[in-house]
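Let's take a walk through a protein fold together, one piece at a time. Keep the picture open beside you and find each part as we get to it.

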Amino acid sequence: MKAKLGMSPIAWWNDDLVELSDDVSLEECLRQSRSAGFTGMEKGRRFPDDPDVMLPILRAADVTLCGGWFSGTLVDEELAANKARIQPMIELFKAVNAPCIVYGEVGRSIQGKREIPLAQKAKLGDAEMVAYAKKVTEFGEWCADQGMPLAYHHHMAAVVETEPELDAFMKASGAGIPLLLDAGHLAFAGGDVLRAIDNHHARISHVHVKDIRRSVVDGLDRTKQSFLDAVALGAFTVPGDGSLDFAAIVQKFADYGYEGWFVVEAEQDPKANPPLRMAQVGHKELMRVMTAAGYTVETEGFPKG
């Protein structure tokens with residue numbers, strides 16, 4: 001089985017917490033992650049939106065674009081508005097041969113609102129969840145028809161956060177919206193990562209190997225502290241530096257024959273946890289557990305042809 005290892009630039013620049021951003025260029029971010037062994041990088045705010053500008057940067061760094069976040073609003077807004085906003089991203093991602101766009105629901109979400117505690121996150125009723133899931137499926141099918149598939153990202157502080165919410169969303173949605181399984185977000189929400197893989201492996205098309213610091217997560221007062229408070233306190237980290245058993249998680253993916261990207265996404269203070277060192281720790285741990293699970297990790301970055 002083949003796998004690819006990528007990173008998210010959120011370890012270098014945090015879009016929501018300026019104090020958790022390192023003052024490094026896109027080129028330096030790519031250089032550091034590539035030197036640690038990663039061959040892909042998800043899109044961040046310092047990436048250009050013109051493929052003619054982006055491709056030479058990726059080529060020089062010897063990495064590929066392995067995904068990127070789209071802030072969806074389908075829980076509240078119409079398909080047309082989201083189609084109009086995502087269309088340029090679809091064209092960009094097609095031009096640079098990215099595997100997918102990550103759909104993250106920001107409608108009704110409190111993930112970027114530090115003043116609102118985790119306990120106050122929005123919840124959908126049963127009928128609302130069914131209607132929402134069908135709408136997201138239709139959107140996913142449309143994006144795939146445009147030539148760029150989506151991967152749905154369940155997320156802390158969003159309308160699909162907990163394992164029961166994920167189960168309900170997956171039951172009501174269809175194959176037209178594949179799933180991004182994020183180990184860290186599911187564990188933070190109190191879910192069972194291995195059980196979620198068992199339940200939804202057939203739809204998983206993209207994986208975030210985010211780890212958590214259990215002591216930080218368990219120590220939160222969710223009636224007073226927000227998602228961003230948790231991030232600032234160090235709730236997330238890379239595999240090998242946290243509390244999750246990635247040997248078991250990666251083995252579970254291998255058991256179901258998953259092939260594709262495993263992306264390290266670990267937002268934390270870059271001064272206390274230098275991104276290059278964290279990238280090295282994460283890559284070393286992933287290579288250990290992936291080799292044990294029978295994966296061959298691809299080492300080619302930007303295509304040489």
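A good place to drop in is V102, which stands opposite A151 in strand 5. What you're looking at is a predicted model, so keep that in mind as we go. V102 belongs to strand 4, where V102 and G104 point one way while I101, Y103 and E105 point the other way. Is strand 4 buried or exposed? Five of its five residues are buried, so strand 4 (residues 101-105) is largely enclosed by the rest of the structure.

Now look at who sits beside strand 4. Strand 5 (residues 150-153) pairs with strand 4 in the parallel sense, over four bridges. To get from strand 4 to strand 5, follow helix 4 (residues 126-145): the three pieces make a right-handed β-α-β unit. Strand 4 also pairs with strand 3 (residues 64-72), again running parallel, and four bridges join them. One spot to find there is S71, whose bridge partner in strand 4 is G104. Between strand 3 and strand 4 the chain passes through helix 3 (residues 79-95), and this β-α-β crossover is right-handed.

So we've met two helices on the way, helix 3 and helix 4. How do they sit relative to one another? Their axes come within 11 Å and cross at roughly 35°, and the crossing is right-handed. On the helix 3 side, the residues that meet helix 4 are L79, N82, K83, I86, Q87 and I90. On the helix 4 side, look for K135, E138, F139, W142 and C143. If the gaps in those numbers look odd, here's a handy bit of background: an α-helix has 3.6 residues a turn, so residues three or four places apart point the same way.

Next stop, helix 5 (residues 163-172). Which of its residues are buried? They are E163, E165, L166, F169, M170 and A172. The cover over these buried residues includes helix 4 and strand 5, along with strand 6 (179-182), helix 6 (183-188) and helix 7. Helix 7 (residues 193-200) is where you'll find H200. With a relative accessibility of 9%, H200 counts as buried, because the cut-off for buried is under 20%. Leaving aside neighbours within four places in sequence, H200 is in contact with L166, D167, M170 and L179. L166 and M170 should ring a bell, as they are among the buried residues of helix 5.

Let's jump back towards the start of the chain. Helix 1 (residues 26-35) has its own set of buried residues: L26, C29, L30, Q32, S33 and R34. They pack against strand 1 (2-7), strand 2 (40-43), helix 2 (51-61) and helix 11. After helix 1 comes G37, which has a positive phi, near 115°.

Helix 11 (residues 275-292) has another helix to deal with too. Its axis and that of helix 10 (residues 246-255) come within 9 Å and cross at roughly 45°. That angle makes helix 10 oblique to helix 11, and their crossing is right-handed. F246, A247, V250 and Q251 of helix 10 make the contact with V289, M290 and A292 of helix 11.

Last, find T296 in strand 11 (residues 296-297). Which residues does T296 touch, leaving aside its neighbours within four places in sequence? They are M1, K2 and A3. R195, on the other hand, is 25 Å from T296, C-alpha to C-alpha, and 101 residues away in sequence.

Conventions. Residues are numbered from 1 along each chain as its sequence is written. This is a predicted model: local features need pLDDT of at least 70, side-chain atom pairs count only at pLDDT 80 or more; totals for chains, interfaces and linings use all residues. Side-chain values use heavy atoms; hydrogens and water are left out. Buried means under 20% relative accessible area, exposed over 50%, partly exposed in between (1.4 Å probe, protein chains only). Contact means heavy atoms within 4.5 Å. Two strands pair if DSSP finds at least two bridges between them. A crossover is right-handed if, with the strands pointing away from the viewer, the path from the first strand over the helix to the second runs clockwise. Axes are lines fitted to C-alpha atoms, for helices over the stretch in contact, and angles run from 0 to 180 degrees between N-to-C directions. Angles under 35 degrees count as roughly parallel, over 145 as roughly antiparallel, 65 to 115 as roughly perpendicular and the rest as oblique. A crossing is left-handed if the near helix is turned anticlockwise from the far one by less than a right angle, and right-handed if clockwise.
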